[in-house]
Structures are given as C-alpha cells and as structure tokens.
Amino acid sequence: MNEAPPLKLEAVACIRGGRLLFEGLDLVLGPGDAAIVTGANGVGKSSLIRLAAGLLRPAAGKVERNGGAGLADEAAALDPRQTLGRALAFWARIDGTDAAPGMAAMGVTHLAQVPVHMLSTGQRKRATLARVAASRARLWLLDEPSNGLDADGEERLAAAMAAHRAQGGAILAASHMALDLDGAATLGLA
Amino acid sequence: MIALASRELRLAMAGGNALLPLIFFLLVATLFPFAVGPDGPLLARVGGGALWMAAMLAALLPVDRLIEPDRASGVLDQLSTRGIGEETVVAAKLVGHWLSFGPPLMLAAVPAAALMRLPAELLLRLELGLLVGTPGLAALTLMVAALTAGLRSAGALAGLLLLPLAVPILIFGAGMIGSENPSALKLLAAVSLLLVAVTPFAAGAAIRAARD
C-alpha cells in the first residue's frame, strides 16, 4: 500500500478577492486520518477544500496530494437530462470504476432510472457523495457533506466515511454541523 | 478523452441542439435569393460567399452551451480534480463539437447550394472549403465560449469576439470558391490549423483563470 500521506499542506496561504483568508496553514492527513474544517461563513472553508483539490492555487506554501482526490461540493456535476444511473456511470467510466457500490452505499440505487433534474436536494447530495464513494480516490474532500441529508443519509455518510478510513483513505471535510467522524482533528479557521 | 468527446456529441444531439445551426444555415440560404431576386447567374456568383457568411453565423449559435453549463454545474472542477488537464478537456470538446457541427453543415450545404444555383464544381469547392474551414470555426466558437463563460450578456460579447476573428476563414473560404488558384485553400487550411492548435491552450487558460 502507498504510505505517502494522501494530503499534505505546508504553510499554505489563501487570498480571495484581495482579502487574506488564512496563512501559514499546515496539515498532514495520513492514511485513515480525517480533519473537519470549522469556522463562520466566509472564513475560507470552501476555499481550503478547493485549494486541497488543486482548483485554487495557494498564494504561498505547498499543496501535495498522493493517490487522487474525490471532491463533493455544492455543484452536482451531473447532466440534468440523463438518468442518475447513466450520469454516475459517466464518472465511473472516467474513474475506471463501477458506480454501483457507491450508489448502494448512499442508498440511491433505486433512483437509477430517475432523470437528475427530478431529484430532490438531498437525493442530489447523496448522488454526489455516491460518486466520491465509488471513485478510488484516497483523499475525500467534502464541502458541507451533510447539507440537505436526512437522518438515514447522515448515517450512510458516516458509514461510508468510516469504511473509507478503514481502507487507508483520508478525509478533509468542511462543515458547520457536527459530523460523525471518530477521532477526527478539528481545524478551526478564524 | 473518448468518453468526454462522446459526451459532448450526446449533449449536442440531445434536444436538437445540433439542429439549430443547421436550420439557421438553411434559413439564410432560403432567404438570400428572396433578397437579391431570382437572377441565376448573379446568385451563383455571390452565393458561395453568402453561404460562408451563413456558416460563420451558424457557428456562433452553440457558443452559450459549450462551456458555461459545465462550468456552472461543476463538471470542469470534477475533471480537474481527477488530474485531467483543461487542455485535454477542451481538445475532447473540440472533437465532439466539430462532429456535431462540421459534417451536418456539409450535408446542409448541398440543398443550400441548390437554392443559390451554384454549379456542381463550385459546390465541390464549397464542400472542400467547409471540410477544411469548419474545424477552425468550431475551435473559435469553443475558445470564445471559454473566454465568455460566466459573464453576464455573454452571448452578445461572444458575437463581438468571434466574428472579427472569423474574418480570415471567411475571406479564404469564400475566396477559394471563386478562383482556380489553390493558394486560398492552403491559406484557409493554415488559419484553420492555427485556430485548432491554439484553442485548447487559450480556452484551457481561460477556464483556469475563471476559477480565481
């Protein structure tokens, strides 16, 4: 198994719209590690997730990923006219995996024939999490993963996250709500 | 890459998106003889240029559905997170977009040329020009779509950006219909090749810049 840490942030600084959000941020997530980013709205939680995903470049410092990253944020990235099964199969094809285990883990298997634009907010959230669960990425980047989820959805999310960590994966989650992550470090942004 | 290109083709076919430029192209070809009158020789002389104008304007129509929906829905972010470069994404989109635009336009050019009373050898040269020139037009549309993605009134701005840049294609495309000289075709191919080669990098940089 690859022992390099799935995510390593060294003295990372982030500037958005001319405003310094945070600087000197160090974080290492080894296999099985998890961290929850907390903080008020607009403090840079989502920016940190996007930095870790490589979508934003840090103003200073270094971001290092090993073993790929799966991102679940507010954008569903599913073609609205396609059925959920086909939309997720497209991403599974890009990832070289099978969409079915992720769909089963998040309890959306029965929605496979439903067009994406007919799904509710919570169902869409489950679908984006199912895509991350189906990918073989070692690092999960979850931006407000429990938004819109019901109790059953939160339970499934917790189980999926636990299974991922048990397999040596790492999780960086941004949330203003409590997440069921045993022994996760808390990273408070201010 | 193949998955991306075929997705692009599927999106173009869904809901008749690819038909819109074709109908527009044929409509212009139908209206033009009404405007200049049923003078056969005159139509044959100016028809080729008019069809190139129509092709250029038809290329502008898909500009708002090529990049912006994928940017807004997070598809581009998801691809980038998977380590797929923006240049690769744009190149795949270019292949998919051209397949839904170039060959259908070449088919539509046959009835359009009949409406313009173009003789057979001119139609042949028009088709050859479209084969060489439509990749350039498709690339230009994609580049402008990436540059204007996420902007307000992107459609109007796209027209102002695309049409001047398409002038070389128009000049050499229409030019090669009227002359036996092969240099117009060579210059058309050069312009088209340049646009196809530059677009993945220019559009890729535009997509990255739009994230900041």
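Which strands of chain A does helix 1 of chain A lie across, and at about what angle does the helix run to strand 1 of chain A? I would like to begin there, and the answer is that helix 1 of chain A lies across strand 1, strand 2 and strand 4 of chain A, while running at about 125 degrees to strand 1 of chain A. Before I go further, please keep in mind that what we are looking at is a predicted model.

Let me stay with those strands for a moment. Together they make an open sheet of 3 strands in chain A, in the order 2-1-4 and with antiparallel pairing. The edges of this sheet are strand 2 and strand 4, the latter spanning residues 60-65 of chain A, and each of these two pairs on one side only. On average, and ignoring direction, neighbouring strands of this sheet are turned by 25 degrees against each other.

Within that sheet, strand 1, residues 7-16 of chain A, is joined to strand 2, residues 19-29 of chain A, by 7 bridges in the antiparallel sense. If you follow the pairing along the chain, you will find A:Cys14 opposite A:Phe22 in strand 2 of chain A, and A:Arg16 opposite A:Arg19, also in strand 2 of chain A. The hairpin of these two strands has 2 residues between the strands, and there A:Gly17 takes a positive phi near 55 degrees.

Now to the other sheet of chain A, where 5 strands form an open sheet in the order 5-6-7-3-8, and where the pairing is parallel. Strand 5 (69-72) and strand 8 (185-188) of chain A stand at its edges with a single partner strand each, so one side of each has no neighbour in the sheet. Here the neighbouring strands are turned by 15 degrees against each other on average, again with direction ignored.

One pairing inside this sheet deserves a closer look: strand 3 (residues 34-38) of chain A runs parallel to strand 7 (residues 170-174) of chain A, and 4 bridges join them. In that pairing, A:Val37 stands opposite A:Ala174 in strand 7 of chain A. Helix 1 of chain A, residues 45-53, which we met at the start, packs on this sheet too, touching strand 3, strand 5, strand 6 (139-143) and strand 7 of chain A, and its direction makes about 150 degrees with that of strand 7 of chain A.

Chain A also has a pair of helices that I want to point out. Helix 4 (residues 121-134) and helix 5 (residues 151-166) of chain A pack at an angle of about 10 degrees, with their axes 11 Å apart, and that angle makes helix 4 of chain A roughly parallel to helix 5 of chain A. From helix 4 of chain A the contact uses A:Gly122, A:Arg126, A:Leu129 and A:Ala133, and from helix 5 of chain A it uses A:Gly153, A:Leu157 and A:Ala160. By class, these residues divide into 4 nonpolar, 2 polar and 1 charged.

As for records on this chain, an unreviewed UniProt entry lists residues 7-189 of chain A as "domain: ABC transporter". In the model, that span is 31% helix and 27% strand, and its end C-alpha atoms lie 18 Å apart.

Let us move to chain B, for which UniProt, again in an unreviewed entry, gives the annotation "transmembrane region" to several stretches, including residues 12-36, 42-63 and 156-178. Residues 12-36 of chain B are 80% helix and 0% strand, with the end C-alpha atoms 34 Å apart, and residues 156-178 of chain B are 96% helix and 0% strand, with the end C-alpha atoms 32 Å apart.

Helix 3 (residues 40-60) and helix 10 (residues 167-178) of chain B pack at an angle of about 150 degrees with their axes 9 Å apart, which makes helix 3 of chain B roughly antiparallel to helix 10 of chain B. The crossing of these two helices of chain B is right-handed. Among the residues that meet there are B:Gly48, B:Gly49 and B:Trp52 in helix 3 of chain B, and B:Gly173 and B:Ala174 in helix 10 of chain B. The residues of this contact comprise 6 nonpolar, 4 polar and no charged.

Finally, how do the two chains meet? Their contact takes 12 residues from chain B and 15 residues from chain A. On the chain B side, helix 1 (2-13) and helix 6 (75-81) each supply at least two residues, and the largest share, 5 residues, comes from helix 6 of chain B. That side of chain B has 3 nonpolar, 5 polar and 4 charged residues.

Note on methods. Residues numbered from 1 in each chain as written. Chains lettered and ligands numbered in written order. Predicted model: local features only at pLDDT ≥ 70, side-chain atom pairs only at ≥ 80, totals over all residues. UniProt positions renumbered as here; feature names shortened; annotations may be inferred. Axes fitted to C-alpha atoms, helices over the stretch in contact; angles between N-to-C directions. Parallel < 35°, antiparallel > 145°, perpendicular 65-115°, else oblique. Left-handed = near helix turned anticlockwise from the far one by under 90°. Contact = placed C-beta atoms within 7 Å. Nonpolar A, V, L, I, M, F, W, Y, C, P; charged D, E, K, R; others polar. Pairing = 2+ DSSP bridges.
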